Amino acid sequence: ITKLQWLFHLLRTINHRGPHSSIFGNQLDLSMNSSIKSRMDAFQKAAGPPSTTNKPLPSKNKFVSKTSFKASVSNTSYKPSGGNATVGKLNFKKGAFKPSVSTSTAKTTKPSVGKLNKNMTNVIASVLSPSDCTSSSPGPGGSKSTRESKSSTPFEKCKLTAGANTSQEQQGQASMSEKAKHALVAPKEIDPDKQDWKFLYELSVQYEELKLQLVEETKNPNAIAQSGARLKAPTQRHEAGDTKNIGKSLEGLMGGSNLTANGNFLTKEYMDEYLVENKKLHSLTFDFSGQSKLFKRFDRKDSEQRTISQKFVEVLLQHPRSKEITHLNMSNAMLPDVFLVALAEECLGKNGLPNLRVLNLESNLIAKSGVLALCKCLLHSNVWKRLQMLKLENQKMQFPSDAEEALGEALLETRNLVVVSLRVRGGLSKQQIDNSVAYNIDILRQARRHHAADSGTMKERKRNEMEQYFDKIAADVDPSITTVDLTGNLKFLGLHASERLKAATAFATNTTVKTIKMVKLKLDDAFAKEFAKALSANTTLEKVCLDSNEISGAGIKALIEGLGQNTSIIDFQVRHQSKTMASADEPALPGLLVTNKTIVKVGVDVRNPLIKTQLEKKMNENRDWQRKQRLAAKKQ
């Protein structure tokens, strides 16, 4: 029954817009190619003889309805063009199927056929291709081209959705991920001999002063010097009819009548109102925070806004004390992009604000062009060299992804910024900013150590617990240390690289440790080479396990070479390394153990079966030699 349903629905799908479709009570007119003909013949043959009963067959198929339909047999047959097969006529009356079957095929039947839902229609339509059927003449809906333009058939829908697997957004994400593969996520290491440690030490002292100032402002904000002209006047009540005072109040509320478009009000005296000096911490702040009336007055992106921004920056940089300004606080002032662009261009051209330490641009209208202009200043080596704090949070609009990427790449080249307040959506940009800040803080720490070493004021650092542990092993003063088990030890993982190498060499002179288990500690080739030297000199070790580390083929060869010169180890394991040993390094391993007579068990990941056999043969030879030695000792 299911196959008959497919056959009937196949005919309906192909001819649902035919000129003489049975839907309109006329004779069916089809033009089918050989592909459709062969499929129909196969369906009819697979369907078998029709059922002789009118009762619906029990079925669990959800596409078969329990309602039975009456099917009538007609002697009228139809011969499609391009083939010799005889196909019956379908009559639809009151929702019942009436297939007409040729008299030569079977006797009269009344099969029970159910309705097909939309899901089955889509399945059949997706199996067929548009080339399987063609219409011989225009139907009631117009010509073929007209009908296709008015509504899409199931075949057209399949064709339209076939190439729409990847959206433009997904393609953009794919290109971004490909770009991220080649992008730097951390600053490049600089040769210590090429670092300007003197200037970096000045930055470290400056950073300490900034932290003290932040603490002071947090504890006692009223202690900061303030300009009396900026204090907000108390609200005054005006009597009815006092138009003069009411007009002045409205002018102050809307920005004032003196805020002209030519910027003549921007003078030295205007800038003086916002300069705040802190003599205790040797800082001069231009505090324009919360002064939104200026750019609220010129809020449209036109020539007036550009003129005001340019004029404001010029007057500020021409101020007699502009080179003393250490803090530029422009938060919550409705600053547009054109202001930051003008500021960046003027500072690039005239090296403006050379002592700037803190740039606060929070809660403004800065977007893409402003951030890109800011990045140019950060990338310039002689502009804002002392800038250490950059605040860009809480903008009205989020930065676009390309602006975030430009800022992240610029910070990779900047060695002075240690505080960047900004919420970044891109994972790569966030990682670049975080790594740059962490690297710059560490550089300042190194600068303080260099200064202490040069001035002779460096105090020796107290060694931590893990460092003292290996000091005891190296000094061979604690006979109770017979087993060293540091599997996944976090304290060891926190050791500096130089201290790890010291730990490797500590076993060269030790005579008490019998077993070493250093697993999952991210040991590398440098550690392996130093530990190999210790193995060649040690005479008391018996078991060594260095599994699950990061030792490559070069490190394993060095370890096996040191093991070949050892005279006490019987079990040595160095399996499951994160770096696979090259096949070219494997043949040399058996030859490195030729002189060793004590090792009876070696665990190393070798892929070549011949090398495995040679290593096992060497272990058997050592076992046999040791057995003979024991027998000879008993005879004596």
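Here is a friendly round of questions and answers about the predicted model shown above.

Me: Let's start with the whole chain: how many helices and strands are there in it?
Reply: Happy to begin there. The chain has 636 residues, and 40% of them count as buried. Its secondary structure comprises 22 helices and 17 strands.

Me: What share of the accessible surface belongs to carbon and sulfur atoms?
Reply: Take the total to begin with: the accessible surface of the chain comes to about 36700 Å². The part of this surface that belongs to carbon and sulfur atoms is 52%.

Me: Among contacts between residues at least 6 apart in sequence, what percentage join residues at least 24 apart?
Reply: The pool here is contacts in the chain whose partners are at least 6 apart in sequence. Within that pool, the share joining residues at least 24 apart is 79%.

Me: Now to the sheets. Which strands are at the edges of the open sheet with the order 7-8-9-10-11-12?
Reply: This open sheet has 6 strands with mixed pairing, and its twist averages 10° from one strand to the next. An edge strand here pairs on one side only, and that holds for strand 7 and strand 12 (419-421).

Me: Is strand 8 antiparallel or parallel to strand 7?
Reply: On its other side, strand 8 pairs with strand 9 (residues 327-329) in the parallel sense, over 3 bridges. With strand 7 (residues 275-278), strand 8 has 4 bridges, and one bridge pairs L275 with F286. The direction of strand 7 relative to strand 8 is antiparallel.

Me: Which residue in the hairpin of strand 7 and strand 8 takes a positive phi?
Reply: The hairpin has 4 residues between the strands. A positive phi near 55° is found there, and the residue that takes it is H282.

Me: Which residue of strand 9 is the bridge partner of F286?
Reply: Strand 8 and strand 9 are joined by 3 bridges. T285 has H327 as its bridge partner in strand 9. For F286, the bridge partner is L328.

Me: Why is strand 8 described as largely enclosed by the rest of the structure?
Reply: In a regular strand the side chains alternate between the two faces of the sheet, so both faces need checking. In strand 8, S283, T285 and D287 are buried on one side, and L284 and F286 are buried on the other. Strand 8 (residues 283-287) is largely enclosed because its buried residues number 5 of 5.

Me: What is the relative accessible area of S283?
Reply: S283 is found in strand 8. Leaving aside neighbours within four places in sequence, S283 is in contact with Q213, V276, E277, N278, T326 and H327. The cut-off for buried is under 20% relative accessible area. S283 is buried, with a value of 3%.

Me: Is A406 buried or exposed?
Reply: A406 lies in helix 14 (residues 401-412). Its relative accessible area is 19%, and the cut-off to compare with is under 20%. A406 therefore counts as buried.

Me: How far apart are the C-alpha atoms of A406 and C375?
Reply: Leaving aside neighbours within four places in sequence, A406 is in contact with L372 and C375. A406 and C375 are 31 residues apart along the chain, and their C-alpha atoms are separated by 6.9 Å.

Me: In the sheet with the order 13-14-15-16-17, what is the average twist from one strand to the next?
Reply: This is an open sheet of 5 strands with parallel pairing. Its edge strands are strand 13 (483-485) and strand 17 (601-603). From one strand to the next, the twist averages 5°.

Me: Which residue in strand 16 stands opposite V544?
Reply: Strand 15 (residues 543-545) pairs with strand 16 (residues 571-573) in the parallel sense, over 3 bridges. Opposite V544 in strand 16 stands F572.

Me: Why are helix 19 and helix 20 called roughly parallel?
Reply: Helix 19 (residues 525-537) and helix 20 (residues 553-564) have their axes 8 Å apart. Angles under 35 degrees count as roughly parallel, and these helices pack at about 5°. The two helices are therefore roughly parallel.

Me: How many nonpolar residues are in the contact of helix 19 with helix 20?
Reply: Helix 19 contributes residues including A528, F531 and L535, while helix 20 brings A554, A558 and L559 among them. By class, the contact also has 3 polar and 2 charged residues, and the nonpolar residues number 7.

Terms used:
Residues are numbered from 1 along each chain as its sequence is written. This is a predicted model: local features need pLDDT of at least 70, side-chain atom pairs count only at pLDDT 80 or more; totals for chains, interfaces and linings use all residues. Side-chain values use heavy atoms; hydrogens and water are left out. Axes are lines fitted to C-alpha atoms, for helices over the stretch in contact, and angles run from 0 to 180 degrees between N-to-C directions. Angles under 35 degrees count as roughly parallel, over 145 as roughly antiparallel, 65 to 115 as roughly perpendicular and the rest as oblique. Contact means heavy atoms within 4.5 Å. Ala, Val, Leu, Ile, Met, Phe, Trp, Tyr, Cys and Pro count as nonpolar, Asp, Glu, Lys and Arg as charged, and the others, Gly among them, as polar. Buried means under 20% relative accessible area, exposed over 50%, partly exposed in between (1.4 Å probe, protein chains only). Accessible areas come from the Shrake-Rupley method with a 1.4 Å probe; for residues, only the protein chains shown count as cover. Two strands pair if DSSP finds at least two bridges between them.
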